Amino acid sequence: MTSSRARIVLILFAASLLAAQISGRDFFYSLTYLWAGLLIFSFLWGRFALRGVQIEREARAPRAQVGELFVERFRISNESRLPKLWVETRDASDLPGYRVTAVAVGLGFRGASVAGAHQAVTVTSGLAGGQSRTWLMRTLCTQRGRFRLGPITMSSSDPFGIFPVSREVPVKQHVVVLPMIIPLSGFPLPLGRLPGGEALRQRTHQVTPNASGIRDYAPGDSFSRIHWKSTARRRKLIVKEFELDPLAEIWIVLDGEDDVHVEQPSSEDDDRKRADDELFQLPPSSEEYAVTAGASIAYHFLQRGRAVGLVAYGEMRHVIQPEPGDAQQYRLLESLAVFRARGDLRLENVMKIESPRIPQGATVIMISPSASTKLLASVHNLLHAGRQPVLISLDAETFGGTQSNAAFVDAASRSGIIVRRIQFGDALGSALGSADRKPYVVRAA
């Protein structure tokens, strides 16, 4: 790779050589030797400028969350004996807002950082042979999703910048940014099934809060199912049997139709203000409010030992069967992290497809900005079929749409459906139930 400086030196070398041949003067011969020596010296230096230079990156956790800092530790080392005058690292990670906010400084080391469009540039100078330096990169996560970390391009050159060299370190890691969670101290649920009916129960191989009995140990049973008191009394391995209680199942159904979701255009000043706030503020998007509401509700019930499932038809189909536990929490949050409302199927049609898998007595929490009468009819059909619907209605007009959901919410409430109305700027904790002040941060395992 040659630069404009290399071409200038080559022109000067050729001109000096031509002048020396024509005039025969020693001065031009000396200039010719000078330019030739400079080219050879710079070429050899450039060949070894990145020889032995290695860079490693280590994320503090494989997951982050909207509203918190994603922290990475970088280490650049010179494994050769030759010193490196300077090394520039340019990181092209696609994590929104990616920038350098801290650079390590030590003896013989000076760091400079530049935040560019989707790139972070760090310049390291004075890296001696066998020496290494570390620095931290902190990024405020403002958008959920799955993002790549890298590639990193390392650049250097000779002292005169005549022969620059570069080397790319490929992408090896990704980070999943989970949606924000607002902790709820309460959430309204409909009453259970009418008394006198038979409770529908189903045996399961999963460990649930509902133990139905005991039996002899069978090969393949998990040790966590062993009932130790019965084992000691009978002097043989006895395991617990579990069952799924339809009254304990909670299904969160997210509307992923592209046409019903709206978003207000935000300026750079608004984005900067949200990034500078102590608590991150959600963008004016009905999709982001819907995802945050779904994540908060899922976390609320999973922490109370309930089985929670998910149905979301967006850019992709997300269907997760209800289960309790921390593993289910991360399954739901990771699905919501990559959810995009780019579907073409209306929510009432989604319920026609998925309602057969929802057992009677289960609670169905539907989150949608739609205010159509067909959706309300679908909610009534769920109620008549023995499911317990709850409606989270987002007011599209406050997000930049043209239709208000006031009449829709009033009609649903008068028909006995539990409804929660959400407008842009509402505190989701207060709108959904009641909440603590600060958003909860899911710590990655």
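**Warm-up: the whole chain**

The accessible surface of the chain comes to about 22800 Å², and 53% of that belongs to carbon and sulfur atoms. Keep in mind that this is a predicted model.

**Exercise 1.** Work out how many helices and strands the chain has, and what share of its residues counts as buried.

*Solution.* Start with the secondary structure: ten helices and 22 strands. Next comes burial, where 44% of the 445 residues make the cut. To round this off, look at contacts between residues at least 6 apart in sequence: 73% of them join residues at least 24 apart.

**Exercise 2.** Take the sheet that holds strand 18 and strand 21, and find the order of its strands.

*Solution.* Step one is to trace the sheet: six strands, open, in the order 18-17-16-19-20-21, with mixed pairing.

Step two is the edges. Strand 18 (317-323) and strand 21 (418-422) each have a single partner strand, so one side of each has no neighbour in the sheet. From one strand to the next, the twist averages 15 degrees.

Step three is to check some pairs in the middle. Strand 16 (residues 249-254) runs parallel to its partner strand 19, and five bridges link the two. For a register mark, use Leu254, which sits opposite Ile367 in strand 19. Strand 19 (residues 363-368) also pairs with strand 20 in the parallel sense, this time over six bridges. Here Thr363 stands opposite Gln388 in strand 20.

**Exercise 3.** Decide whether strand 20 is largely enclosed by the rest of the structure, and say which way its residues point.

*Solution.* Count first: seven of the seven residues of strand 20 (residues 388-394) are buried, so the strand is largely enclosed by the rest of the structure. Now split them by direction. Gln388, Val390, Ile392 and Leu394 point one way, while Pro389, Leu391 and Ser393 point the other way, and all are buried.

**Exercise 4.** Describe how helix 7 and helix 8 pack, then place Lys352.

*Solution.* Begin with the geometry: helix 7 and helix 8 (residues 373-384) have axes 8 Å apart and pack at an angle of about 25 degrees. That makes the two helices roughly parallel, since angles under 35 degrees go by that name.

Then list who touches whom. Helix 7 brings Leu347, Glu348 and Met351, and helix 8 brings Lys374, Leu375, Ser378 and Leu382. Sorted by class, that contact has four nonpolar, one polar and two charged residues.

Now for Lys352, which belongs to helix 7 (residues 347-354). Its relative accessible area is 63%, and anything over 50% counts as exposed, so Lys352 is exposed. Measure across to Asn381 too: the C-alpha atoms of Lys352 and Asn381 are 9.7 Å apart, with their positions 29 residues apart in sequence.

**Exercise 5.** Find what helix 5 and helix 6 do with each other, and whether they are roughly parallel or antiparallel.

*Solution.* The axes of helix 5 (residues 286-302) and helix 6 (residues 326-337) come within 10 Å and cross at roughly 180 degrees. The pair is therefore roughly antiparallel.

On the helix 5 side, the contact uses Val291, Gly294, Ala295, Ala298, Tyr299 and Leu302; on the helix 6 side, Gln328, Gln329, Leu332, Leu333 and Leu336. By class, that gives eight nonpolar, three polar and no charged residues.

**Exercise 6.** Work out the strand order of the sheet that includes strand 2 and strand 8, then find which of its strands helix 6 lies across.

*Solution.* This sheet is open and has three strands in the order 2-11-8, with mixed pairing. At the edges are strand 2 (63-65) and strand 8 (145-149), each pairing on one side only. Direction ignored, neighbouring strands are turned by 30 degrees against each other on average.

Look at one pair more carefully. Strand 8 and strand 11 (residues 173-178) are antiparallel partners, joined by five bridges. Leu149 faces Gln173 in strand 11.

Finally, bring the helix back in. Helix 6 lies across strand 2, strand 8 and strand 11, running at about 95 degrees to strand 11.

Note on methods: Residues numbered from 1 in each chain as written. Predicted model: local features only at pLDDT ≥ 70, side-chain atom pairs only at ≥ 80, totals over all residues. Heavy atoms only, no water. Axes fitted to C-alpha atoms, helices over the stretch in contact; angles between N-to-C directions. Helix = DSSP H or I, 4+ residues; strand = E, 2+ residues; numbered from the N terminus. Parallel < 35°, antiparallel > 145°, perpendicular 65-115°, else oblique. Contact = heavy atoms within 4.5 Å. Nonpolar A, V, L, I, M, F, W, Y, C, P; charged D, E, K, R; others polar. Buried < 20%, exposed > 50% of the residue type's maximum accessible area, 1.4 Å probe, protein only. Areas by Shrake-Rupley, 256 points an atom, 1.4 Å probe, with all protein chains shown as cover. Pairing = 2+ DSSP bridges.
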